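Please open the model in your viewer and keep the sequence panel beside it. The tour below moves from one selection to the next, and each stop says what is there.

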Amino acid sequence: LQMLERQVVGGEQAKNKDLKEKHKHRKKYADERRMQLVTALQQSNEDSSEWVLLNVYDSIQEEVRAKSKLLEKMQKKAAETEIKDLQSEFELEKIDYLSTIRRLERDLMLFQQLLDQVQSLVRRDCNYSNLEKIKRESVWDEETSCWKIPQPLIQKTRLP
């Protein structure tokens, strides 16, 4: 009865030494892997522990899901880094543009003050004594990218 039981419990492969050795080898490998995981979890921080745990899979589908999830995390981190880089680049350009605008406004104020001071020194019979009229008569030339302003003229008035 015991002899029959030993044959039935293991089935027809009960006496197969290769199969027993294969099972023993798998068990040994699983125990080693479990010990490696325990030591890795004790030594690592939170992020890397997830990475270590992702390497143990029951099926290929689990491995694919885990690696897909890891890939999505990495892509998300890369996208966030890219966004931060673009934002910092945009911020630098914005600061540069604002400083250029401030400098141009200061230059404009200087030229306006100079014009106000010099206008009183221009003769009354010159067409440059009226700056508003000169501004109206000035034309922007697209080809040369400069203003064409009227030539200074002195209008002499003769009395009869």
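What follows is a short walk through a predicted model, beginning with the whole chain and ending in a loop.

**The whole chain.** Begin by colouring the chain by secondary structure, where you should find five helices and two strands. If you then trace the chain along its sequence, the elements come in the pattern α-α-α-α-α-β-β. Before you leave this view, it may help to colour by accessibility as well: of the 160 residues in the chain, 8% are buried.

**Helix α4, the charged patch.** Next, select residues 60-119, which make up helix α4. Within this selection pick out E82, which lies in that helix, and then add D85, E89, E93 and D96, which together with E82 form a negative patch on the surface. How exposed is E82 itself? With a relative accessible area of 45%, E82 counts as partly exposed, because this value falls between the limits of 20% for buried and 50% for exposed.

**Helix α4, the nonpolar patch.** Staying with helix α4, move on to F111, which is also found there. Select L110 and L114 along with F111, and you have a nonpolar surface patch whose members together offer about 300 Å² of accessible area. F111 has a relative accessibility of 52%, and therefore it counts as exposed, the limit being over 50%.

**The tryptophan pair.** Now select W140 and W147 and show their side chains, since the count of aromatic pairs comes to one, and these two residues form an edge-to-face pair. The ring centres lie 5.5 Å apart and the ring planes stand at 70°, so the pair is edge-to-face, for which the planes must be over 60 degrees apart. Is each ring's residue buried or exposed? W140 is partly exposed, at a relative accessible area of 38%, whereas W147, at 54%, counts as exposed.

**The loop between the strands.** For the last stop, show the backbone of strands β1 (139-141) and β2 (146-148) and select S145, which sits in the loop between them. Which residue here has a positive phi although it is not a glycine? That residue is S145, with a phi of about 55°. If you switch back to the accessibility colouring, S145 should appear as partly exposed, because its relative accessibility is 48%.

Methods:
Residues numbered from 1 in each chain as written. Predicted model: local features only at pLDDT ≥ 70, side-chain atom pairs only at ≥ 80, totals over all residues. Heavy atoms only, no water. Patch = residues over 30% accessible without salt bridge, like charges linked within 9 Å, V, L, I, M, F, W, Y side chains within 5 Å. Areas by Shrake-Rupley, 256 points an atom, 1.4 Å probe, with all protein chains shown as cover. Salt bridge = Lys/Arg side-chain N within 4 Å of Asp/Glu carboxyl O. Lys, Arg positive; Asp, Glu negative; His and termini not counted. Charge placed at Lys NZ, Arg CZ, Asp CG, Glu CD. Helix = DSSP H or I, 4+ residues; strand = E, 2+ residues; numbered from the N terminus. Buried < 20%, exposed > 50% of the residue type's maximum accessible area, 1.4 Å probe, protein only. Phe/Tyr/Trp six-rings, centres within 6.5 Å; stacked < 30°, edge-to-face > 60°.
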